[in-house]
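Here is a set of short exercises to work through with the model open beside you. Try each task before reading its solution.

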Amino acid sequence: GERRGGALVPQPQQILVRRGTHGAFKAAQEIRPAQVRLLDEAAHIAKDFADQPDRALYYMATLLDIDPESSQLRSSLERLYEKQGRWPALVDLWRAQIPTAKASEVSEIRHRIASTLIERLGDHAASLEEIRTLLETSPGNEASLALLERILAAPEAPAPARMGALGLLRG
């Protein structure tokens with residue numbers, strides 16, 4: 001590592017190798033010098049991402065691609081997406097978690113997706129599909145039923161989405 005402002009700052013290769021996973025170690029060996037410089041810059045920008053959020057988002061997403069198991073990095077990226085109002089990117093980030101999430105976490109992730117699709121993106125049809133999937137795995141899930149009721153009651157929701165919500169509520 002190197003010293004910056006009196007603190008020892010680890011280099012990206014060291015961070016990846018310290019994670020101890022074979023994949024991270026292999027990724028660290030394959031990183032080109034230009035990527036190392038970018039990732040090093042990303043680590044510093046991420047500390048103060050309010051000044052350059054686009055760059056921080058890019059670098060953090062790149063780091064997450066290299067180390068997808070980093071829950072700390074994922075949480076930071078989620079917070080920044082929320083702060084910047086990058087709702088489609090946040091939904092994509094959550095969707096990417098589903099295949100590797102524990103079964104107990106999948107319902108919560110899908111609920112967050114469905115809720116964000118309604119509240120932030122106004123996409124009632126996509127939310128309905130997410131809720132439909134949720135109900136297949138958790139029939140009678142109260143949070144899902146509440147979202148269906150919101151779609152049904154939303155005057156701005158397209159008629160097919162409202163009819164779909166009604167059908168699922170009756171089902």
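**Exercise 1. Work out which pattern of strands and helices the protein chain follows along the sequence.**

Solution. Start at the N terminus of this predicted model and read along the sequence: the pattern is β-β-α-α-α-α-α-α-α-α-α-α. Next, tally the elements, which gives ten helices and two strands. Then turn to the contacts with a separation of 6 or more: 37% of these join residues 24 or more positions apart.

**Exercise 2. Describe how much of the protein chain is buried and what it exposes.**

Solution. Begin with the 171 residues of the chain, of which buried residues make up 37%. Now look at the surface, where the chain exposes about 10,000 Å². Carbon and sulfur atoms supply 52% of that exposed area.

**Exercise 3. Find the largest nonpolar core and say which elements give it two or more residues.**

Solution. A useful starting point is that in soluble globular proteins, nonpolar side chains tend to be buried together. Here the largest nonpolar core has 20 residues. The residues with the most contacts inside this core are Met60, Leu77, Tyr81, Leu90, Leu93, Ile109 and Ile113. Helices α4, α5, α6 and α7 are the elements that give two or more residues to it. There is also a second, separate core of twelve residues, with Ala114, Leu128, Ile151 and Ala157 among them.

To see one member of the largest core in its setting, pick Leu93: leaving out residues up to four places away in sequence, Leu93 touches Leu64, Arg74, Leu77, Glu78 and Tyr81.

**Exercise 4. Is isoleucine 113 buried or exposed, and which residues does isoleucine 113 touch?**

Solution. First locate isoleucine 113, which lies in helix α7. Its relative accessibility is 0%, and the cut-off for buried is under 20%, so isoleucine 113 counts as buried. Now list its partners, not counting residues up to four places away in sequence: Val91, Trp94, Arg95, Ile98 and Glu130. Finally, take a distance: the C-alpha atoms of isoleucine 113 and tryptophan 87 are separated by 9.6 Å, with these positions 26 residues apart along the chain counted as their spacing.

**Exercise 5. Assign histidine 124 and threonine 133 to buried, partly exposed or exposed.**

Solution. Both residues can be placed in helix α8, which covers residues 124-137. Take histidine 124 first: its relative accessibility is 2%, so this residue counts as buried. Setting aside neighbours within four places in sequence, histidine 124 is in contact with Ile118, Ile151, Ala154, Glu156, Ala157, Pro158 and Ala161. Threonine 133 has a relative accessible area of 27%, so this residue is partly exposed. As a last step, go from threonine 133 to arginine 110, 23 residues apart along the chain, and you will find their C-alpha atoms separated by 8.3 Å.

**Exercise 6. Characterise the second largest pocket by its volume and its lining.**

Solution. The volume of this pocket is about 430 Å³. Its lining consists of 18 residues, and those nearest the centre are Pro68, Arg74, Ala96, Gln97 and Thr100. Moving to the elements, two or more lining residues come from each of α4 (53-66), α5 (71-84), α6 (87-97) and α7 (103-119). The largest share, five residues, belongs to α6. To finish, sort the lining of the second largest pocket by class: eight residues are nonpolar, two are polar and eight are charged.

Conventions. Residues numbered from 1 in each chain as written. Predicted model: local features only at pLDDT ≥ 70, side-chain atom pairs only at ≥ 80, totals over all residues. Heavy atoms only, no water. 1 Å grid on protein atoms, 1.4 Å probe; cavity = no way out; pocket = protein on both sides within 12 Å on 5 of 7 lines; lining within 4 Å. Points joined across faces, edges and corners; volume = space filled by probe spheres on them. Helix = DSSP H or I, 4+ residues; strand = E, 2+ residues; numbered from the N terminus. Nonpolar A, V, L, I, M, F, W, Y, C, P; charged D, E, K, R; others polar. Core = buried A, V, L, I, M, F, W, Y, C linked by side-chain atoms within 4.5 Å. Buried < 20%, exposed > 50% of the residue type's maximum accessible area, 1.4 Å probe, protein only. Contact = heavy atoms within 4.5 Å. Areas by Shrake-Rupley, 256 points an atom, 1.4 Å probe, with all protein chains shown as cover.
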